[in-house]
Amino acid sequence: TSAEKPTPDEIEKVLEEIAHQSLHQKNQEHGEKDWQKDVTYDDTFAQSVSPFKTIGELRENIEKSLTEEKERRARDKDRIRFVEKLVETSTLLLPSILAETEIEKRITGIKVDLEARKMSWEDFLAKEGKSETELRTSWHKDIEKETKASFLLTEIAKKEKVKADPEKILSETESLLNY
């Protein structure tokens with residue numbers, strides 16, 4: 001799947017976001033409306049916000065990054081459609097305990113996040129406008145699909161003898177731990 005190239009407007013929007021973030025990082029006061037008039041997108045700007053020497057190099061890098069992001073999103077869409085079709089046409093039956101286990105894991109994860117944000121489970125439920133039972137019910141179908149997809153993809157990987165690259169696993173694990 002090929003994605004379209006980013007438009008000049010998309011590149012300018014990223015430049016504006018970079019400039020805005022740069023002002024915030026420097027703790028410079030600026031009006032939310034007119035701050036752009038004080039920013040000139042030139043080589044000096046490029047050097048102050050990036051490792052690039054010219055604004056042209058910065059724009060090229062932004063264009064490359066946006067293109068890669070669009071391509072990744074297009075591939076992800078294709079993958080999602082494939083997995084959805086795979087699950088839809090599958091005759092795999094899952095024991096209900098698997099979905100319940102996954103729901104418990106999700107709830108535990110949310111509770112840990114809430115605790116870190118000093119928010120209670122009850123406040124979360126109130127914000128969601130659901131009881132715990134309603135929340136569990138609303139998640140059940142999606143979790144069942146996700147669990148089926150996981151089983152099916154694992155089985156395909158076994159049959160096709162797909163092996164994960166240990167270096168990539170280590171790199172991703174380090175990245176997650178650093179995050």
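## An exposed lysine in a loop

Lys 118 counts as exposed, at 78% relative accessibility. Keep in mind from the start that this is a predicted model. Lys 118 sits in the loop that runs between H4 and helix H5 (121-128). What makes the backbone here worth a look is the phi of Lys 118, which is near 60°, a positive value in a residue other than glycine. Most residues other than glycine have a negative phi.

There's another lysine to put beside it. Lys 161 also isn't a glycine, and has a positive phi of about 55°. Where is the place of Lys 161? Look in the loop between H6 and helix H7 (166-178). Lys 161 counts as exposed too, with a relative accessibility of 68%.

## Helix H3, end to end

Helix H3 covers residues 55-89. With 35 residues at 1.5 Å a residue, H3 should span 51 Å, and its end C-alpha atoms are indeed 51 Å apart, so expectation and model agree.

Which residues of H3 are buried? They are Ile 55, Leu 58, Ile 62, Thr 67, Lys 70, Ala 74, Val 83, Leu 86 and Val 87. Notice that a lysine, Lys 70, is on that buried list. The cover over these buried residues includes helix H1 (8-25), helix H2 (43-49) and H6.

Lys 85 belongs to H3 as well, but at a relative accessible area of 48% Lys 85 is partly exposed. If you follow the chain from Lys 85 to Ala 149 you pass along 64 residues, yet their C-alpha atoms are separated by 9.9 Å.

## Charge pairs along H3

The structure holds 17 salt bridges. Side chains of opposite charge can pair when their charged atoms come close. Take Arg 72 and Asp 76: they form a salt bridge, with the closest N and O atoms 2.5 Å apart. Both residues are in helix H3, four residues apart, or about one turn of the helix. Arg 72 has a relative accessible area of 34%, so it is partly exposed. Asp 76 counts as partly exposed as well, at 25%.

Asp 76 has another partner, Arg 79, and for that salt bridge the closest N and O atoms are 3.4 Å apart. Because Arg 79 and Asp 76 are three residues apart in helix H3, about one helical turn separates them.

## A bridge between helices

Not every pair stays inside H3. Arg 136 forms a salt bridge with Glu 100, the closest N and O atoms being 3.8 Å apart. Arg 136 lies in helix H6 and Glu 100 in helix H4 (residues 96-116), so this pair ties together parts that are 36 residues apart in sequence. Glu 100 is partly exposed, its relative accessible area being 32%.

Back on the theme of shared partners, which residues do salt bridges join into one network? Glu 69, Arg 72, Arg 73, Asp 76 and Arg 79 are the members.

## The largest pocket

Now for the largest pocket, which has a volume of about 150 Å³. Its lining is made up of Val 83, Glu 84, Val 87, Asp 142, Lys 145, Glu 146 and Ala 149. Two helices, H3 (55-89) and H6 (132-159), each supply at least two residues of that lining. H6 gives the largest share, four residues.

How many residues of the lining are nonpolar, polar and charged? The split is three nonpolar, no polar and four charged. Some names here have come up already: Val 83 and Val 87 line the pocket and are also among the buried residues of H3. Ala 149, another of the lining residues, is the one whose C-alpha atom is 9.9 Å from that of Lys 85.

## A long way across

To finish, here's a pair that is well separated in sequence and in space. Pro 8 and Leu 135 are 127 residues apart in sequence, and 43 Å apart from C-alpha to C-alpha. Pro 8 is placed in helix H1, and at 63% relative accessibility it counts as exposed.

Definitions and conventions: Residues numbered from 1 in each chain as written. Predicted model: local features only at pLDDT ≥ 70, side-chain atom pairs only at ≥ 80, totals over all residues. Heavy atoms only, no water. 1 Å grid on protein atoms, 1.4 Å probe; cavity = no way out; pocket = protein on both sides within 12 Å on 5 of 7 lines; lining within 4 Å. Points joined across faces, edges and corners; volume = space filled by probe spheres on them. Nonpolar A, V, L, I, M, F, W, Y, C, P; charged D, E, K, R; others polar. Salt bridge = Lys/Arg side-chain N within 4 Å of Asp/Glu carboxyl O. Buried < 20%, exposed > 50% of the residue type's maximum accessible area, 1.4 Å probe, protein only. Expected span 1.5 Å × (residues − 1). Contact = heavy atoms within 4.5 Å.
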